[in-house]
Amino acid sequence: MGSRIVLGIESSCDETGAGLVRDGRLLGHGLASSMDEHARFGGVVPEIAARAHVHALRPVIQRALDTAGLRMSDIGAVAVTTGPGLSGALQVGVAGAKAVAYALGVPLHGVHHLAGHVAADTLEHGPLPDPCMVLIVSGGHTSLLLVRDLARDPITHLGDTLDDAAGECFDKVARVFGLPYPGGPAIQRAARTGNPRAVAFPRPLPGSYDFSFSGLKTAAARWAEGHTGRDLPVADGAASLQEAVADVLTRKAVAACVEHGVGTLIVVGGVAANSRVRARAEERCRAAGIALRVPPPGLCTDNGAMIAAVGDLLVRAGAAPAPLDLSIDPSAPLEYAALHPAASLAGAAT
């Protein structure tokens, strides 16, 4: 299939994103966030997120077109997140993508949200090495994956979240520490003046590639409770928590690279924007002779560019477009980059 400009639409949680990609190059993107509307509740409220997507979708697509200097008629294919995510939020993006694809008479592709995070790195560093090790670290997911051809091959899971993901741990502990939502950036800010060795927090599941941060969350909460009636040394607690998370993530990822003979580690997802996670990954990869690739912070969090990047890979690989009854799968496992659930099956899943 020839070169096409792919519009990507992301609406799985609290960011409404649109991106335009052709032949692996990001042409333009737009992003709107409803995070401030959720902050007073300490987490994302699904109904608020869905309404925010309805209001933001058209302006965000137009912003992407304007930054690229393109018109709607220039779009040659549409890609959209079909799962996992919040049901109402996903429905908004899929409905909008269907409308654009139908109006323009162009192919539509359903995309797995986590595959989008993987593909985001290609917009900064070019094609993914085959094979490569990918560490996805976000608010709801922590996974260690062996990836070959993202557009064609199945994705091999070496380890996954068993309970709380790394980002979820940051959010919950931040609340205990009296820090604002979202917890990840707040923990990082507080940690700047803290001692990362002040508290000996546990390193969960040392002998496995799976991840579990529930126990670490509980340990941090109990440590904070032990300071009742006295000033809580938040900076030390935040620095020690951040160090524990970064240590676990990077130790497992580099060990997996060594065991499987993979020469490149790619770290993606919202928590990949954390400076300590990046620094520890750099240290360990350098020591092990492994190439490290991490997208810039703006491509780590949810955005439409990453969905467009997957769509671009699928289009160039000649992948079959989605059927007309494309729906959503809010709890879809990551098996392939393309995700085309039918309405009847998705209805059963929700």
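Two strands count as paired if DSSP finds at least two bridges between them, with strands (E, at least two residues) and helices (H or I, at least four) taken as DSSP runs numbered from the N terminus. This is a predicted model, with local features needing pLDDT of at least 70, side-chain atom pairs counting only at pLDDT 80 or more, and totals for chains, interfaces and linings using all residues. Residues are numbered from 1 along each chain as its sequence is written, and side-chain values use heavy atoms, leaving out hydrogens and water.

On that footing, β7 (residues 142–147) runs antiparallel to β8, with 4 bridges joining them; T156 in β8 is the bridge partner of L146. Both belong to an open, mixed sheet of 5 strands, ordered β8-β7-β6-β9-β10. β8 (156–160) and β10 (291–293) sit at the edges, each pairing on one side only. Helix α9 (residues 234–260) lies across β6 (132–137), β7, β8 and β9 (264–268), contact meaning heavy atoms within 4.5 Å. Its direction is about 160° to β6, where axes are lines fitted to C-alpha atoms (for helices, over the stretch in contact) and angles run from 0 to 180 degrees between N-to-C directions.

Now for the open space. A pocket here is an open set of points on a 1 Å grid over the protein atoms alone, where a 1.4 Å probe fits, with protein on both sides within 12 Å along at least five of seven lines; lining residues have an atom within 4 Å of a point. The largest pocket is lined by 37 residues, with S138, G139, G140, D171 and Y181 closest to its centre. Helix α6 gives the most to that lining, 5 residues.
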